[in-house]
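Student: I'd like a close look at one part of this protein, with the terms spelled out as we go. Could you take me through it slowly?

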Amino acid sequence: MKYHVIYDGNCNLCVTLVQLLENLDRGQIFEYIPMQDLQELEDFGITSADCEMGMILIDSDTPQRRWQGSDAAEEIGRILPGGEVFVAAYRAMPGMKWMGDRVYEQVRDNRYTLFGKRSTTYKSVYAIGCRAIDNCDNSKD
């Protein structure tokens, strides 16, 4: 099963986390789309206003199945090998989900102030569709 991760390609924190996920997954499960790629997002019916609510995870087999914000982060954690037990423990602790949601919202809304903004948009080495073609722009910024 494949998933599409929509992330802020101009956010230093977001890019660092995408690069970590790239190194863990090596494109086996996740493909990536920066939220700045409005043309690609249009294919999924996603607007820039949608992206302001946080990262988005899309099930590529069933594109209507989506997670956003902290729910997307949790689902990514659950999907990673061995991650399900950690996400289940997190969700089982009283108040943790609520607190995690609030922390996510604060970081999301202040990400450029807290972590800085890139001058160029990061494009993942595992961009959506790159496995199917040989001429992807996979240069790391």
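Student: What order do the four strands of the open sheet have, and what kind of pairing?

Tutor: Before the sheet, some ground rules: this is a predicted model, where local features need pLDDT of at least 70, side-chain atom pairs count only at pLDDT 80 or more, and totals for chains, interfaces and linings use all residues. Residues are numbered from 1 along each chain as its sequence is written, and side-chain values use heavy atoms, with hydrogens and water left out.

Okay, the sheet. Its four strands sit in the order 2-1-3-4, the pairing is mixed, and the sheet is open. Strands here are DSSP runs of E with at least two residues, helices are runs of H or I with at least four, and both are numbered from the N terminus. Two strands pair if DSSP finds at least two bridges between them. At the edges you'll find strand 2 (30-34) and strand 4 (66-68), each pairing on one side only. From one strand to the next, the twist averages 20 degrees; axes are lines fitted to C-alpha atoms, for helices over the stretch in contact, and angles run from 0 to 180 degrees between N-to-C directions.

Now look at strand 1 (residues 3-7) and strand 3 (residues 56-59), which pair in the antiparallel sense over four bridges. Valine 5 stands opposite leucine 57 in strand 3. Helix 1 (residues 12-25) packs on the sheet and touches strand 1 and strand 2, where contact means heavy atoms within 4.5 Å. The direction of helix 1 makes about 160 degrees with that of strand 2. Helix 4 (residues 70-79) lies across strand 1, strand 2, strand 3 and strand 4, and runs at about 120 degrees to strand 4.

Helix 1 also turns up in the lining of the largest pocket, giving the most to it with seven residues. Strand 1, helix 1, helix 4 and helix 6 (96-115) are the elements that give two or more residues to that lining. Of the 22 lining residues, Cys14, Leu17, Met55, Ala73 and Tyr104 are the closest to the pocket's centre. (A pocket is an open set of points on a 1 Å grid over the protein atoms alone, where a 1.4 Å probe fits, with protein on both sides within 12 Å along at least five of seven lines; lining residues have an atom within 4 Å of a point.)

Stepping back, the protein chain has six helices and four strands. From the N terminus on, they run β-α-β-α-α-β-β-α-α-α. Along its principal axes, the C-alpha trace spans about 50 × 35 × 30 Å.
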